[in-house]
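Subject: Handing over the structure

Hi there,

Here is the structure I promised to pass on to you. Please open it alongside this email, and my notes follow underneath.

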Amino acid sequence: MTTPEDRRSTEGMVDYNRNSAMQQQLVNHYAERLGELVRRLGRVEPELRIVDYGCGPGQSAIEAVAPAIDTYRAQFSDAPISVCHADQPGNDWNGLFQLIPGPTGYTAPFIRTGAAVGSFYDRMAAENSVDLATCFMASHWLSHAVSLDAPGSVWFADLQGAARVEMAERARRDWTRFLQCRARELRSGGFLLVSCLGAVPEAGEINGIAASGRAVYRAIHAVAQDMAQDGLIDKTVLDRFVFGVWFMTAREAQAPLQSDPELAEAFEIEEIAVVPAPRNPLDIYADFIADPAEYARLYVGYVRGFGHSTLHNYLFEPGAMNGRSAESTAEEFYRRLDALYRAEPGKHAGETWYLAVILRKS
Ligand SMILES: C[S@@+](CC[C@H](N)C(=O)[O-])C[C@H]1O[C@@H](n2cnc3c(N)ncnc32)[C@H](O)[C@@H]1O
C-alpha cells in the first residue's frame, strides 16, 4: 500500500495550461530580471546551462527559459545553450516536449534541450554545472504529502500548536535541502531565481501571517467540512488532511541562508522579498466578478488545477463515504465549491503575494 509519506505532494497535476493563468503571470513577471541576470553572466564556455526546476508541463515552462535564451542570443548569436527542464516523473513530459518545437516553443540552432526527472529536494544536475537556475511556483510544495492531527484546517497557515510546529519544521528542512542541492549544482557566479507564493506578517491573523490564497483554502475547508457533516466525507480523514504546501515569509526564506554555515558561504543574497502580485493581488479573478457563473467556474478550475491530485489521493479516495466513489465525492465537492463562489463573488477571493529569492553562487 502507498502511504501519504511515500508519495510526492503534487503528482499528476491536471489540466495545467487551462488553469495556470496565475503561474504564467508569475513567470512573465520575471522576464526582464532573467534577461538582466543573463547579461551579467556574460559569455559562458562551453555553453550556457539553464535548468528550470519544477518546470511543469505547459507554456510557462517555455516562458521560464525564453527570456534567458533571447537575451543570450541577442548578445552571442552562435553560442551554444543547454536547457534542462526538471520535474517529477508524473509530469506530462510528452505534452511539454510537443510544445517546445511548436509555434510557441523555442528550438533554434545551438540549443540543446533535455530533461531531469526527479525531485528538486535531491540533486538534479551535476556538480558546478548550472549557470542559471530557475524555479517558479513549485518550491512551496513540500517534499512529501502531509498527514497531521489538524482538525479545523486544510492548510499550513491556519494550523495551531504541535501541528503548526511540526509542519514549520518540515518546511524549514525542505527549503534548506532545496538550497543545499542548488548550491552544489550552480557554478561559481551562477544565479538562482526562485519565485512562488509567499506570505506577509499581518497582525490579527492566525499565527500573525497573511498567506496567499487564504480565503480559497478556507473555502475548500468549509465545503469539505459541510460534506463531512452530511456524511459524505469521513471526518477522521478530513481532520488529518493538510495540503503539503508552505508559503514562506521573506524572513523564513532568508533564515537558512544566515543560520546554515554551508549556505551562508555558498550564496550572496541579491534579493529576498515578498510583494503583492502586480495584477489583481486581491482577487486573481477580479476581472470576472460581475459574472458569478464564470467567476465560480474559474475558481473551481483553479482549485482543480493545483489541488485535485492532492484532494483525490488524500481526501476523496480515503474519505469517500456511503459507497460513493472518490470521483463522485470529488464532483460533489466541486459542485458545492462552485455554488459557494457563485453565491457571494469576492468573499473567497484568492489574494496573491509573490516570494522572490535571487541568489548568486559565491
Ligand atoms: C504549479 S506547477 C508550476 C509549473 C511551472 N514552473 C509554472 O510556473 O507554471 C508546480 C510544478 O512543480 C513540480 N514539483 C513539485 N514538487 C516538486 C519536486 N519535489 N521536484 C520537482 N518538481 C516538483 C510539479 O510536478 C509541478 O509540475
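Asn313 is found in helix α10, which spans residues 292-319; helices here are DSSP runs of H or I with at least four residues, strands are runs of E with at least two, and both are numbered from the N terminus. With a relative accessible area of 22%, Asn313 is partly exposed. On this scale, buried means under 20% relative accessible area, exposed means over 50%, and partly exposed lies in between, using a 1.4 Å probe and protein chains only. The C-alpha atoms of Asn313 and Ala326 are separated by 8.7 Å, with the two residues 13 apart along the chain.

Before you go further, please note that this is a predicted model, in which local features need pLDDT of at least 70 and side-chain atom pairs count only at pLDDT 80 or more, while totals for chains, interfaces and linings use all residues. Residues are numbered from 1 along each chain as its sequence is written, and side-chain values use heavy atoms, leaving out hydrogens and water.

Next, helix α11. This helix covers residues 326-343 and contains Thr329, which counts as buried at 1% relative accessibility. Thr329 touches Met227, Leu232, Ile233, Phe316, Ala320 and Arg324, not counting residues up to four places away in sequence; contact means heavy atoms within 4.5 Å. Glu332 also has its place in α11, and it is buried, with a relative accessible area of 12%. With residues up to four places away in sequence again left out, Glu332 touches Met227, Leu232 and Arg324.

Now to helix α2, residues 31-41, where the buried residues are Leu34, Gly35, Leu37, Val38 and Leu41. Viewed down the axis of α2, these buried residues fall within an arc of 160°, so they line one face of the helix. The arc is taken from the directions that lead from the helix axis to the C-beta atoms. What do the buried residues of α2 pack against? Their partners are β1 (48-53), α3 (59-75), β4 (130-136), β6 (186-197) and β11 (353-361). Just after α2, Gly42 takes a positive phi of about 70°. In the loop between α2 and β1 you will find Pro46, and a cis peptide bond with omega of about 0° joins Glu45 to Pro46.

Two other loops are worth a look. Most residues other than glycine have a negative phi, and most peptide bonds are trans. Asn207, in the loop between β7 (199-201) and β8 (209-211), has a positive phi near 65°. At 33% relative accessibility, Asn207 counts as partly exposed. Asn280 sits in the loop between β10 (267-276) and α10, and its phi is also positive, near 45°. Is Asn280 buried or exposed? Asn280 is buried, with a relative accessible area of 17%.

On to the strands, where two of them pair if DSSP finds at least two bridges between them. Eight of the nine residues of β11 are buried, so this strand is largely enclosed by the rest of the structure. Seven bridges join β11 to β6, and the two run antiparallel; Ser195 has Ala356 in β11 as its bridge partner. β10 also pairs with β11 in the antiparallel sense, over nine bridges, and here Val274 has Leu355 as its bridge partner. Elsewhere, β2 (residues 81-87) and β3 (residues 111-117) pair in the parallel sense over seven bridges. Ala86 is matched by Ala116 in β3.

Met167 lies in helix α5, residues 161-185, and is buried, with a relative accessible area of 0%. Leaving out residues up to four places away in sequence, Met167 touches ten residues that include Leu142, Phe156, Val242 and Trp246.Lastly, the cavities. The structure holds two of 30 Å³ or more, and about 60 Å³ of space lies in the largest. Residues lining the largest cavity include Tyr121, Ser139, His140, Leu142, Trp175 and Trp246. A cavity here is a set of points, on a 1 Å grid over the protein atoms alone, where a 1.4 Å probe fits but cannot get out, and lining residues have an atom within 4 Å of a point. Grid points are joined across faces, edges and corners, and a volume is the space filled by probe spheres set on the points.

Happy exploring, and best wishes

Key
On a 1 Å grid over the protein atoms alone, a cavity is a set of points where a 1.4 Å probe fits but cannot get out, and a pocket is an open set with protein on both sides within 12 Å along at least five of seven lines; lining residues have an atom within 4 Å of a point.
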